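User: Please take one part of this model and look at it closely, following how its elements pair and pack. I would like a single connected account rather than a list.

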Amino acid sequence: MKALIVSDTHGRINNLEKVMNQIENIDLLLHLGDLEGDEARIRALAPCPVEMVSGNNDFFSNLERDKIIEIGGYKIWMTHGHYYYVGFNTSKIKELAAQRACDIVMFGHTHRPLIETKGSVWAINPGSISFPRQENRKPSYIMMDTSKWGEDMFELCYL
């Protein structure tokens, strides 16, 4: 299964549209919050099922704050991350993911990409596809391919 993982579009989905036009055969789109009202537009854009959670800027959203899904035998906790101190480090969010019996925690909020496959819980953050904050300031997303193993399962991509 191939999943496109994005976060923090903040009402601007033009970069997401570009990515969706470049990538073929996506089985699932995961959005980790801060959509700012674009839920319906993103669902209409995606050629596959979509899973979303709300972020700290999704004030009037009916989306869940946290969600647990299963992909390729992996139990994944989706959250935006702003309640779990992700701006400092991943220790708290990984501890809470382990308490939920999850293999992977996916979050956004920091606008900085991260693929951390050390330990019993992996932490995945695609950064922001609209407003990146990492050193190179390139819009980022992550592709997850469950036909691969370990850290090779995740590919950090830039637009």
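Analyst: A convenient place to enter is Ser140, which stands opposite Tyr158 of strand 10, and since the model is a predicted one, what follows describes its computed geometry. This pair belongs to the contact between strand 9, residues 140-145, and strand 10, which run antiparallel and are joined by 5 bridges. Helix 1, spanning residues 14-22, packs on the sheet and touches both strand 1 (2-6) and strand 9, with a direction that makes about 165° with that of strand 1. The sheet itself is open, with 5 strands in the order 3-2-1-9-10 and mixed pairing. Its edges are strand 3 (50-52) and strand 10 (154-158), each of which pairs on one side only, and from one strand to the next the twist averages 20°.

The part that repays a closer look is the surroundings of strand 5 and helix 3. Strand 5, helix 3 and strand 6 together make a β-α-β unit that is right-handed. Within this unit strand 5 and strand 6 run parallel and are joined by 3 bridges, and Trp77 has Val105 in strand 6 as its bridge partner. Strand 5 also pairs with strand 4, residues 66-71, here in the antiparallel sense and over 6 bridges; in this pairing Lys67 stands opposite Met78 of strand 5. The hairpin formed by strand 4 and strand 5 has 2 residues between the strands, and Gly72 in that hairpin takes a positive phi near 55°. Because 5 of its 6 residues are buried, strand 5 is largely enclosed by the rest of the structure.

Helix 3, which covers residues 91-99, has Ile93, Lys94, Leu96 and Ala97 among its residues, and these four are buried. Why do they lie on the same side of helix 3? They do so because the arc they cover around the axis is only 160°. As for what covers the buried residues of helix 3, the elements include strand 5 (74-79) and strand 6 (104-106), together with strand 7 (113-116) and strand 8 (122-126). Strand 5 and strand 6 therefore appear in two roles, as members of the right-handed β-α-β unit with helix 3 and as part of the cover over the buried residues of that helix. Following helix 3 comes Ala101, whose phi is positive, near 60°.

Notes
Residues are numbered from 1 along each chain as its sequence is written. This is a predicted model: local features need pLDDT of at least 70, side-chain atom pairs count only at pLDDT 80 or more; totals for chains, interfaces and linings use all residues. Side-chain values use heavy atoms; hydrogens and water are left out. Buried means under 20% relative accessible area, exposed over 50%, partly exposed in between (1.4 Å probe, protein chains only). The arc is that of the directions from the helix axis to the C-beta atoms. Contact means heavy atoms within 4.5 Å. Two strands pair if DSSP finds at least two bridges between them. A crossover is right-handed if, with the strands pointing away from the viewer, the path from the first strand over the helix to the second runs clockwise. Axes are lines fitted to C-alpha atoms, for helices over the stretch in contact, and angles run from 0 to 180 degrees between N-to-C directions.
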